[in-house]
Amino acid sequence: MNYSIALTPGDGIGPEVSSKAVDVLDLIGDKFGHIFNFVELEAGGCAIDSTGEPLPASTLEAALQCDALLLGAVGGPKWETLPGNLRPERALLGLRAGLGVFANLRPAALLPQLKDACPLKDDVLTASHPEGKANFDLLIVRELTGGIYFGERGRDGDGRSPESSAFDTERYSRAEIERVLRVAYDAASKRRGKICLVDKANVLESSRFWREITMETAAEYKDIETSYMYVDNCAMQLIRAPGQFDVIVTSNIFGDILSDEASVLSGSIGMLASASIGAKSAVKKYPAGMYEPIHGSAPDIAGKDLANPLAAILSAAMMLRYSFSLEKEALAIESAVNKTLDSGLRTKDIASRAKNTANEKIVGTNEMAAAVIKALENG
Ligand code: NAD
């Protein structure tokens, strides 16, 4: 089969890590008989430099023609002083909204090989794990195109007087909540069958609306166990007992914050992939899909062969699974990553915290990616 993939490498470490994901996809194409055609596009700081805008209309138009989008990362100090609407990060919001990808799937699991990179003690991990193992495996489904990040905002007054104020608005429609809940329930049905709505229903009206609709949806998914948790408690439970969670579904802002917290538990932000998916459309063969590592452009390590390419590579695996239903191919990538970690190779960010690192070899971006490619060739 032929697949067209929009590629926005972006800034900082974005191009370094996304090029590794492309190499892996090319090899998957050779091995499994697919052709991945990449359409390289500018978004973020690089687009500001060449066109004056973080998301040129031509980028969005071309991305909409493709079957899926793979993004590296955007942003950096060079563009930090620009006004908000001209900053590189606007490209992310524009792409998400433009492609209509309303559900962000962020898996966070502790691979056994990275146990020593997790800041939690073994007894904390085992206490909450259903089988008493020292790990966890959860999926955060974050609403991505609504809520306070997109709601009405503004300022009143001159900014100096005591009455001056600023506001942002959390507003969700029934349709926005229902569609992301369906994605989360479907994901839970393919995992361990548990879902937890995280909200602030003791205070916020919008959260009470989420809860009502979740209760209705839960009645339709009788095989899924539904629970409810306040976001402040969830922030605590993630570091106290992460093994209790399977799927967490939540609003845009809560998901943004909780998924960064969860990422640290997995060892490094350089390990975590994400998929943002939209509805199936009548005109397109595949549902809208945007795939990216959850980390940013990491300007502190850009160009130094230090970036962990695994989050970008695992994002490519998510693309194969969620956009193209190529499960075998996605598993092949995940297995190659596992074997590479089994062999003891570590980029600096996932090196063990323990002193005894005899089994580990610290490598750079290139060597890590080359090892994944080799494991895939031999797999
Ligand atoms: P960041 O994720 O870029 O970096 C945070 C820390 O994690 C840094 O110490 C960095 O070196 C490290 N890190 C990140 N990815 C890594 C990897 N793959 N391997 C090893 N170490 C890694 O977050 P930040 O420093 O807050 O933001 C830097 C820039 O990225 C900012 O301009 C920010 O707005 C932007 N940003 C972009 C995205 C995106 O493109 N999706 C997401 C977050 C931040």
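**Close-up views of a predicted model**

**View 1. Helix 1 passes helix 11 in a right-handed crossing.** Welcome to the helix packing of this predicted model. Helix 11 spans residues 327-342, and its axis lies 11 Å from that of helix 1. The angle at which helix 1 and helix 11 pack is about 130°. Angles over 115 and up to 145 degrees are neither roughly perpendicular nor roughly antiparallel, so helix 1 and helix 11 count as oblique to each other.

**View 2. Helix 1 also meets helix 10, and this crossing is right-handed too.** Here, take a look at residues 14-32, which form helix 1, and residues 310-322, which form helix 10. Their axes come within 8 Å of each other. How are helix 1 and helix 10 oriented relative to each other? They cross at roughly 45°, and are therefore oblique to each other.

**View 3. The ligand sits among 20 surrounding residues.** Val74, Glu89, Gly296, Ala298 and Asn308 are the closest of them. Sorted by class, the shell around the ligand holds nine nonpolar residues, seven polar ones and four charged ones.

**View 4. Oxygen atoms of the ligand pair with atoms of glutamate 89, alanine 298 and aspartate 300.** Start with glutamate 89: one of its polar side-chain atoms is 2.4 Å from an oxygen atom of the ligand. Aspartate 300 also offers its side chain, with an N or O atom 2.9 Å from a ligand oxygen. For alanine 298, which part of the residue lies 2.8 Å from an oxygen atom of the ligand? Here it is a backbone N or O atom. How much of the ligand does the protein bury? On its own the ligand would expose 800 Å², and the protein buries 70% of that.

**View 5. The loop between strand 12 and helix 10 holds two residues with positive phi, alanine 298 and aspartate 305.** Most residues other than glycine have a negative phi, so this loop is worth a friendly second glance. Strand 12 covers 289-293, and alanine 298 lies in the loop that links this strand to helix 10. Although alanine 298 is not a glycine, its phi is positive, about 40°. Aspartate 305, found in the loop between strand 12 and helix 10, is not a glycine either, yet has a positive phi of about 60°. Alanine 298 will be familiar from the ligand views, being one of the closest residues to the ligand.

Note on methods:
Residues numbered from 1 in each chain as written. Predicted model: local features only at pLDDT ≥ 70, side-chain atom pairs only at ≥ 80, totals over all residues. Heavy atoms only, no water. Near = heavy atom within 4 Å. Polar contact = N/O pair within 3.5 Å; in protein donor to acceptor, adjacent residues only side chain to side chain. Areas by Shrake-Rupley, 256 points an atom, 1.4 Å probe, with all protein chains shown as cover. Nonpolar A, V, L, I, M, F, W, Y, C, P; charged D, E, K, R; others polar. Axes fitted to C-alpha atoms, helices over the stretch in contact; angles between N-to-C directions. Helix = DSSP H or I, 4+ residues; strand = E, 2+ residues; numbered from the N terminus. Parallel < 35°, antiparallel > 145°, perpendicular 65-115°, else oblique. Left-handed = near helix turned anticlockwise from the far one by under 90°.
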